[in-house]
Amino acid sequence: MADQSLLKRAVLTGAGAYLPEQILTNEDMAKRVDTSDEWIVERTGIRQRHFAAPHETAAYMGAEAGRQALEKAGLNPESLGAIIVATSTPDQAFPATAVRIQASLGAKKAFGFDLSAACSGFIYGLSVADAMLRAGQVKSVLVIGTEVFSRLLNFEDRTTCVLFGDGAGAVLLEARDVEQGGPGLLSTHLYADGSLGDILYVDCGTHDNRKPGHLVMHGREVFRHAVNLLAGAVNDALAENKLSADDIDLLVPHQANKRIIDGVGKKLGLPAERVVITVHKHANTSAASIPLALADAIQEGRAVPGKLLLLEALGGGLTWGSALLRL
Ligand code: UT7
């Protein structure tokens with residue numbers, strides 16, 4: 001008979017990352033637009049970004065990150081249940097990036113779909129995977145964030161083109177019966193406000209035929225909303241789990257701007273050593289930024305079994321959200 005005291009949880013069993021080979025420093029960007037290393041570092045914390053080569057598509061990078069996550073977990077791709085890909089830069093409108101990745105991994109029994117929630121996509125993906133795993137629909141889900149934002153950038157707009165980079169990160173979540181206090185996703189909180197859709201968007205789509213599309217952002221407006229909305233999302237996560245900021249071992253935030261990350265960290269009263277920062281080396285990789293930061297923290301030995309992680313993101317939509325995850 002099943003042990004009634006055990007909880008069914010989505011447990012992280014592997015993580016992976018992929019970054020394109022090509023690195024562009026702020027000095028490289030200053031050769032293309034009227035900007036400077038000093039301005040970019042002071043306003044954002046960014047020092048460099050990776051830009052994808054033609055073969056490094058969202059599907060290619062996502063498959064590389066996903067393969068690593070499966071290997072770390074020791075799961076045969078043929079046993080994988082589902083693939084959720086968070087991306088705003090899919091290779092094609094369809095087939096979904098997720099099913100391209102399914103083919104590349106040889107994950108023959110997995111179904112898959114893409115999810116569009118801009119920079120919050122990975123948190124949205126975790127939330128959907130969590131529900132699927134706890135409901136018993138599947139036993140394992142690969143959640144991937146993969147982006148080639150370099151292909152959306154307007155290199156005549158210095159206010160946006162210096163901010164973004166390319167890459168992919170992935171986690172494997174598996175359904176496990178765990179004891180109270182054991183590993184797994186404790187909660188996810190998702191939010192959206194479509195009335196703010198015009199402060200961060202891509203100016204193409206099936207509603208018009210302008211090509212190529214460019215990312216457009218009213219940065220100051222997004223910034224103004226970010227810290228307060230993110231603080232609300234993390235407070236909801238803590239309150240639901242009857243936790244305080246002191247219980248958080250690591251904040252793993254979306255990496256858009258170091259000033260936003262510091263603002264949320266300060267509101268929580270978290271010291272710098274409990275906040276994961278990768279924006280200086282990856283820039284803003286949208287849906288890929290949290291799994292890339294998580295893989296970085298695991299690689300550095302900061303995110304180890306037993307640690308409690310608070311994840312948060314905000315992006316176009318606006319969409320935002322938080323997740324509490326014990327490793
Ligand atoms: O991931 C999705 C969510 N996105 C975000 O969270 C991004 C949120 N926003 C931000 O991170 C910031 O608003 C930015 C980094 C985008 C901009 O920083 P800011 O401190 O809000 O700068 P600003 O837009 O107020 O611009 C200040 C000045 C302007 O010049 P004037 O009008 O004061 O003379 C800009 O023209 O900085 C100028 N500027 C630049 N100068 C050099 C804007 N971009 C650049 C640049 N290089 N790249």
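## Working through a predicted model

P95 has its place in the loop between β4 (82–86) and α4 (97–105). Keep in mind that this is a predicted model. Let's begin at that loop and work from there.

**Exercise 1. Look at the peptide bond that joins F94 and P95, then the one that joins G317 and L318, and say whether each is cis or trans.**

Step 1: Start with the background: most peptide bonds are trans, and most residues other than glycine have a negative phi.

Step 2: Check omega between F94 and P95. It's about 0°, and the bond is cis.

Step 3: Now go to G317 and L318. Omega is about -15° here, and this bond is cis too. L318 sits in the loop between β12 (308–315) and β13.

**Exercise 2. A118 and K242 both have a positive phi without being glycine. Work out where each one sits and whether it is buried or exposed.**

Step 1: Take A118, with phi near 50°. You'll find A118 in the loop between β5 and α5.

Step 2: Buried means under 20% relative accessible area. A118 has 16%, so it counts as buried.

Step 3: Take K242, where phi is about 50°. K242 belongs to the loop between α7 and β11 (250–253).

Step 4: Exposed means over 50%. K242 has a relative accessible area of 76%, so it is exposed.

**Exercise 3. Find where the ligand lies relative to domain 1 and domain 2.**

Step 1: Split the chain. Domain 1 runs over 6–179 and domain 2 over 184–326. Their C-alpha centres are 14 Å apart, and the contact takes 50 residues from domain 1 and 46 residues from domain 2.

Step 2: See who gives residues to the shell around the ligand. Both domains do, so the ligand's place is between them.

Step 3: Check the helices. α2 (37–44), α6 (158–161), α7 (219–240) and α8 (258–268) each bring at least two residues to the shell. The largest share, four residues, comes from α7.

**Exercise 4. Describe what surrounds the ligand, and which residues are the closest.**

Step 1: Count the surroundings: 23 residues, with T35, R43, R220, N257 and N284 the closest.

Step 2: Sort the shell by class. You get eleven nonpolar, seven polar and five charged residues.

Step 3: Look for polar side-chain atoms beside ligand oxygens. For R43, such an atom lies 2.8 Å from an oxygen atom of the ligand. For R220, an N or O atom in the side chain is 2.7 Å from a ligand oxygen, and for N257 the distance is 2.6 Å.

Step 4: Finish with the surface. The ligand taken alone exposes 960 Å², and the protein buries 77% of that.

**Exercise 5. Compare the settings of S322 and S120: are they buried or exposed, and what do they touch?**

Step 1: Place S322. It's in strand β13 (residues 319–326), and its relative accessibility is 0%, so S322 counts as buried.

Step 2: Find a partner for the S322 side chain. One of its polar atoms lies 2.8 Å from the backbone oxygen of A233.

Step 3: Leave aside neighbours within four places in sequence. The contacts of S322 then include I123, S187, H189, V234 and L311.

Step 4: Place S120. That one is in the loop between β5 (111–115) and α5 (121–134), and its relative accessible area of 0% makes it buried.

Step 5: Follow the S120 side chain, which reaches the backbone nitrogen of W320 at 3.5 Å. Not counting residues up to four places away in sequence, S120 also touches A313, L314, G315 and T319.

**Exercise 6. Explain why helix α10 (residues 289–299) is described as largely enclosed.**

Step 1: Go along the helix and pick out the buried residues: S289, I290, P291, L292, A293, L294, A295, D296 and A297.

Step 2: Nine of the eleven residues are therefore buried, and the rest of the structure largely encloses the helix.

Step 3: See what follows α10. You meet G301, with a positive phi near 80°.

**Exercise 7. Say how far P271 lies from P212 in sequence and in space.**

Step 1: Locate P271 in the loop between α8 and α9 (279–282). At 28% relative accessibility, P271 is partly exposed.

Step 2: Read off both separations: 59 residues in sequence, and 43 Å in space from C-alpha to C-alpha.

Notes
Residues are numbered from 1 along each chain as its sequence is written. This is a predicted model: local features need pLDDT of at least 70, side-chain atom pairs count only at pLDDT 80 or more; totals for chains, interfaces and linings use all residues. Side-chain values use heavy atoms; hydrogens and water are left out. A residue is near a molecule or strand if one of its heavy atoms lies within 4 Å of it. A polar contact is a pair of N or O atoms within 3.5 Å; within protein, one must be able to donate a hydrogen and the other to accept it, and residues adjacent in sequence count only if both atoms are side-chain atoms. Accessible areas come from the Shrake-Rupley method with a 1.4 Å probe; for residues, only the protein chains shown count as cover. Ala, Val, Leu, Ile, Met, Phe, Trp, Tyr, Cys and Pro count as nonpolar, Asp, Glu, Lys and Arg as charged, and the others, Gly among them, as polar. Domain bounds come from an automatic or database domain assignment. Buried means under 20% relative accessible area, exposed over 50%, partly exposed in between (1.4 Å probe, protein chains only). Contact means heavy atoms within 4.5 Å.
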